[in-house]
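I opened the notebook to look up the fold, the surface and a few side-chain contacts. My entries follow.

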Amino acid sequence: MYDGVCSGIIGSGFLWPIPVVLVFLIGLSMIMIAKNNRQKKRPIESSSLEILNEIYARGDIDDQEYSRRKKILDL
């Protein structure tokens with residue numbers, strides 16, 4: 001009937017898994033990118049607090065200034 005010619009966009013036979021695999025890989029990559037972006041934000045916040053602690057430990061700022069800046073970072 002078809003004389004060996006594929007029918008439709010996907011085709012008949014062994015080609016149907018290709019779009020399924022592509023959609024799966026695109027979805028997986030989107031999840032990994034989102035997860036990676038969330039992990040990158042955390043060290044920036046913690047490093048800011050570490051820097052503030054170092055400034056306080058050196059005596060460059062007083063208790064009030066330390067408390068004020070820490071409240072800002074906690075937001």
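**Notebook: chain, surface, contacts**

I began with burial: 8% of the 75 residues in the protein chain count as buried. I noted that this is a predicted model.

Next I looked up the secondary structure. The protein chain has two helices and zero strands. Helix 1 covers 17–58 and helix 2 covers 63–74, with a loop between them.

Then I took the surface. I found an accessible surface of about 6,900 Å² for the protein chain. Carbon and sulfur atoms account for 64% of that surface.

I asked which residues make the nonpolar surface patch of about 500 Å². They are V21, F24, L25, L28 and M32. I picked M32 for a check and found M32 in helix 1. M32 counts as exposed because its relative accessibility is 54%, and the cut-off for exposed is over 50%.

I moved on to the loop between the helices. D62 sits there. Is D62 buried or partly exposed? Its relative accessibility is 43%, so D62 counts as partly exposed. I also looked for what its side chain reaches. A polar atom of the D62 side chain lies 3.0 Å from the backbone nitrogen of E65.

That led me to E65, which I placed in helix 2. Which side chains does the side chain of E65 contact? One is R68, through a polar contact of 2.6 Å. Another is R69, whose side chain makes a polar contact of 2.7 Å with that of E65.

My last note ties these entries together: E65 meets the D62 side chain through its backbone nitrogen, and its own side chain contacts R68 and R69.

Notes. Residues numbered from 1 in each chain as written. Predicted model: local features only at pLDDT ≥ 70, side-chain atom pairs only at ≥ 80, totals over all residues. Heavy atoms only, no water. Helix = DSSP H or I, 4+ residues; strand = E, 2+ residues; numbered from the N terminus. Buried < 20%, exposed > 50% of the residue type's maximum accessible area, 1.4 Å probe, protein only. Areas by Shrake-Rupley, 256 points an atom, 1.4 Å probe, with all protein chains shown as cover. Polar contact = N/O pair within 3.5 Å; in protein donor to acceptor, adjacent residues only side chain to side chain. Patch = residues over 30% accessible without salt bridge, like charges linked within 9 Å, V, L, I, M, F, W, Y side chains within 5 Å. Salt bridge = Lys/Arg side-chain N within 4 Å of Asp/Glu carboxyl O.
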